[in-house]
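Reader: I have the sequence and the model open side by side. Could you walk me through one part of it closely, and then show me what lies around it?

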Amino acid sequence: MWLPLLGLLLGFAIGVLAGWEVPDEYSHYLSIAILAAFDTLIGGWRAYLQRTYDETVFITGFFFNIVLAATLTFLGVHLGVDLYLAAVFAFGVRLFQNIAIIRRLWLAEWAKRRYNREKS
Amino acid sequence: MERKHRFYFAGVAAIFGMMLAVGFRTTLHPEGRDTRDIWELRADLTKEQKLEQRLLEELESYEETLRRYRREHEAGGATELEATVAKLREEAGLTEVRGSGLVLTIAPLSAAGYVGPAVATVSPELLQRLVNELNKYGAKEIAIDGERLTNRTAIRDVNGATKVGSRSVRLPVEVRAIADDADKLYSGLAVSPIRDDFAVENLELSISKPQPLVVIPPAASRPDVKYMETENGGKEEK
């Protein structure tokens, strides 16, 4: 449980300390990519809690989603259609669903523990 | 989760964290560099000091008023309060003002050889520009066609007629302005391009010589107080 959090913090620290910046015109792509990555991460967590976690699916999904979202944004920019909204919508909805599932799983777990405690 | 899986998950989380950090750095730009040189810094410092001085003076005057209120309150009188009300009425433009100033007249252009359409009114934009110019050169009180300009007076177009406050303005229009230094106002207007702006709209702006006594009437309508109430909860009398 703590290892992924540690990884996240470590990555964040590296990102901050390295001082990388993306040029303004590409900041859109980065934002979409972050959203896609966040969605995959939460999806992976949900899968782990539901015991359906598959590493290959997770890792390929992570990179594939990022590339897909960035491609959609790129296409949108060149076609003059705000295609990135499609990615925002899809990832946004899934994000909410996954977080809701995680919350329910936690609630169920908590209820079970309380029941067991009262029983014993 | 197996140990290996955890490591992978942590790796992916680290990548995400890095992206997040880069994203933050990109969107939250650092503030622009301060490139002022020493003279600009000194000028800014002087400006701020003047502001501080003015604020302190203002504060002092309010404190003085407060002290007088307290004294009067103890003595049971209300003259100080009345004086304040009178001052506020003056500031709100509810009293007649006399002073040295200018009288400007806006009339259709009467240049020989003018063959354009007859102009019946003056556009609100032009009037606003004139008011801005007057304020720029130190006008204290302004009245357009007998309508006193206060902070709440609107100059606008209503169905083709120009209205100042609630009054429709028809040509010729007389604009009165009072200034502390009427000569400065006069020379300011004399060099200002505002007369050309009027000429473009086929209007002529004539500016009188500074006059020792210009009378500006009080505002016709009392400002409508909507969102303030007196302390005992009642609405302010209208």
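Author: Happy to; here is a close look at one helix of chain A, followed by a small sheet in chain B and the contact between the chains. Please keep in mind that this is a predicted model.

Let's start with helix α2 of chain A, residues 27-49. Its 23 residues, at 1.5 Å a residue, should span 33 Å, and the C-alpha atoms at its ends are 33 Å apart, so expectation and model agree. Many positions along α2(A) can be checked for burial: among the buried ones are L30(A), I32(A), A33(A), L35(A) and A36(A). Further along, D39(A), T40(A), L41(A), G43(A) and G44(A) are buried too. What covers them? The cover over the buried residues of α2(A) includes α3 (55-79) and α4 (84-119) from chain A, along with α1 (3-27) from chain B. After α2(A) comes R51(A), with a positive phi near 60 degrees.

Chain B also takes part in the contact with chain A, to which chain B gives 22 residues and chain A gives 29. On the chain B side, 14 of these residues are nonpolar, 6 polar and 2 charged.

Now for the sheet in chain B: 3 strands make an open, antiparallel sheet in the order β4-β5-β6. Its edges are β4 (155-158) and β6 (167-168), each pairing on one side only. Between β4(B) and β5(B), residues 161-164, the antiparallel pairing runs over 4 bridges, and V158(B) stands opposite A161(B). Helix α4 of chain B, residues 124-136, packs on this sheet and touches β4 and β5. The direction of that helix makes about 175 degrees with that of β4(B).

Methods. Residues numbered from 1 in each chain as written. Chains lettered and ligands numbered in written order. Predicted model: local features only at pLDDT ≥ 70, side-chain atom pairs only at ≥ 80, totals over all residues. Helix = DSSP H or I, 4+ residues; strand = E, 2+ residues; numbered from the N terminus. Expected span 1.5 Å × (residues − 1). Buried ≥ 20, exposed ≤ 12 C-beta atoms within 10 Å, placed from the backbone. Contact = placed C-beta atoms within 7 Å. Pairing = 2+ DSSP bridges. Axes fitted to C-alpha atoms, helices over the stretch in contact; angles between N-to-C directions. Nonpolar A, V, L, I, M, F, W, Y, C, P; charged D, E, K, R; others polar.
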